[in-house]
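Hi there,

Here is the structure I promised to pass on to you. Have a look at it first, and then read on for what I found in it.

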Amino acid sequence: MNIKGIPGAPGIGIGTASVLNKDLNIPRFAFKNAEEELNRLSDALEESKKQVTLLKERALKNSHKDVADIMEAHLMMLDDPEFLGKVKQSIQEEKLNAEFAVWSVAQEYIETFEKMTDEYIKARAADLKDVAERIIRNLTGTLVDLSDLPEGTILVARDLAPSDTAQIDRDHVVGLVTDEGGPTSHVAIMARSFQIPAVVGTKTATQNIKNGDKLVVDGSEGIVEISPEKHVLEAYEKKLSGWKHEQEELSELITVPAITKDGTKVKLEANIGRPEDVETALKFGAEGVGLFRTEFLFMDRSSLPTEDEQFEAYRKALEGMKGKTVTIRTLDVGGDKDLPYLGLERENNPFLGWRAIRYCLDRKDVFKTQLRAILRASAYGNAAIMFPMISSVEEVIEAKKVLKEAQEELKKENVPFDEHISVGIMVEIPSAAVAADLLAPEVDFFSIGTNDLTQYTLAVDRDNQKVRDYYNPLHPGVLRLIKRVIEVGESTGKEVAMCGELAGDDKATEILLGLGLRVFSMTSSSIPRVKKVVISSQKEQSQKVAKEAARL
Ligand code: PEP
Ligand code: MG
């Protein structure tokens, strides 16, 4: 059978399903032999220890000392004689099956810990919960360690948070399938950046797919084949080799300059989430980084990254890009990007809430730490700073004030930085597009974020499947806003780039060229495809297409 979803990231993946079950199921059943139950427990404990040791080693290797410390605490819990003694007792005396015994004993401790006022002990409650969940998942065979999946895995989940996706080993995961999410959800964006074929928004994948099922993920068409028949599989194997062939053809364009047929120079840049991504960016011929989503540095960890940690990451990206621009966007949290340790409150409308620059302007300590790190790194390459979610001039002025403070501090400390660093803003809220002329004097450049600009202009949640047909970045309303920003850029001499997903959609390239866009930033792997359109386009034709599109 097959199920349909939304193309999340192009390509074909053929592999074996690992279904991520985030809802913890704690079975309760009667057993005859307590010895057997104790053996099950002991196996699950061994397995858990192995997994946690591996996570700890990996954390140490990647210099995530705080994560390693947490893993060490987990290892101690997995060996704790008092906790384990109570669990064993519950199995032997109360006849509780291992899963249930682990849960009820852990629950007792958790409740006690949570009542304490000491923050350290309170945090132990969360750790114990994590450990108990791991033991139970090992007992029930439902644990999927995303950072340690075997080769040829296709990960199936209801949804994947950006922090889940960030853990994935790109060499081992050949496909992603989710029930939720849309083409611009972060899971899709990350899959494209990791070049992992993905189908999102299937609604039913986790119901229809079992662990171990053979799967084909057609991320270009949005189709998932479950246990395909031989002829279907063969057809996909053929398609996969065709896809690889096409990729090879496109790879020949990598060194070709992005100039239209009639000589207009276009700049094609990359969007990255981690400093290591610059390697891929350069591999695909990126002429710079138009968007470094720094929030990924803040994910997959239990506390804020320090100024030094951030500095190292930014420096790595800047040095990696060898003098090409790296546009570093300041922290864009909130919305669908939650960081548990920031303690963001649940909001009714998180996308309209306390996110991105709004968070940073309230948490100037967090903001300034990041700005200092970016400034320090700016001495090692060609950095630009970009503020997200700007809705009005005041926010830019306020953000620049904090930047100025950071600059003054560094000057006093005799720390070198680029004193002429470019400062720009994302245009992703309609008011910023409409009032671009008022913003222009305050910025060095604009970068249009079509993902949010579309959702806010059309009042369509970028992740809600029910309204996905309404989510159209080529809607004339959105195109007119884009046009407006480009015109303001032309009349004020400020560069206008685009870093939303539309910039990497080769079906939109002609229209965007026609509107006058000259700087496109996208998932690295999309660069050759977009370039193919650029080099065959001509001004007159593009303008005609753009004019028609803005009326449709
Ligand atoms: C956008 O909104 O278009 C954008 C590039 O930012 P993000 O996808 O990270 O919200
Ligand atoms: Mg955005």
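Let's start with a pair of helices: α9 and α20 are oblique to each other, because their axes cross at roughly 60 degrees, and angles count as roughly perpendicular only from 65 to 115 degrees. Please keep in mind throughout that this is a predicted model. To find the two helices, look at residues 230-251 for α9 and residues 527-535 for α20. Their axes come within 9 Å of each other, and the crossing is left-handed.

Which residues meet where α9 and α20 are in contact? On the α9 side they are W243, E246, Q247 and L250. On the α20 side they are P528, R529 and K532.

Next, the metal site. Please find the magnesium ion, which is ligand 2. Its protein donors are E428, through OE, and D452, through OD, and they lie 2.0 to 2.1 Å from the ion. E428 sits in the loop between β13 (422-427) and α15 (430-434), while D452 belongs to helix α17 (residues 450-458), so the pair ties together parts that are 24 residues apart in sequence. Are these two donors buried or exposed? E428 counts as buried, at 2% relative accessibility. D452 is buried as well, with a relative accessible area of 3%.

Now for helix α7, at residues 186-194. Nine of its nine residues are buried, so this helix is largely enclosed by the rest of the structure. Click through them and you will meet H186, V187, A188, I189, M190, A191, R192, S193 and F194. Just after the helix comes Q195, which has a positive phi, near 60 degrees.

Finally, the cysteines. How many disulfides does the model have? The count comes to zero. Take C360 as an example: the closest cysteine sulfur to its own is in C499, and at 16 Å that is too far for a bond, because a disulfide needs the two sulfur atoms within 2.5 Å. Looking from the other end, C499 is in no disulfide either, and its nearest cysteine sulfur is that of C360. Both residues are hidden from the surface in terms of accessible area: C360 is buried at 0%, and C499 is buried at 1%.

Happy exploring, and do write back with any questions!

Best wishes

Methods. Residues numbered from 1 in each chain as written. Chains lettered and ligands numbered in written order. Predicted model: local features only at pLDDT ≥ 70, side-chain atom pairs only at ≥ 80, totals over all residues. Heavy atoms only, no water. Donors = N, O, S within 2.8 Å, 3.2 Å for Na, K, Ca; no water. Helix = DSSP H or I, 4+ residues; strand = E, 2+ residues; numbered from the N terminus. Buried < 20%, exposed > 50% of the residue type's maximum accessible area, 1.4 Å probe, protein only. Axes fitted to C-alpha atoms, helices over the stretch in contact; angles between N-to-C directions. Parallel < 35°, antiparallel > 145°, perpendicular 65-115°, else oblique. Left-handed = near helix turned anticlockwise from the far one by under 90°. Contact = heavy atoms within 4.5 Å.
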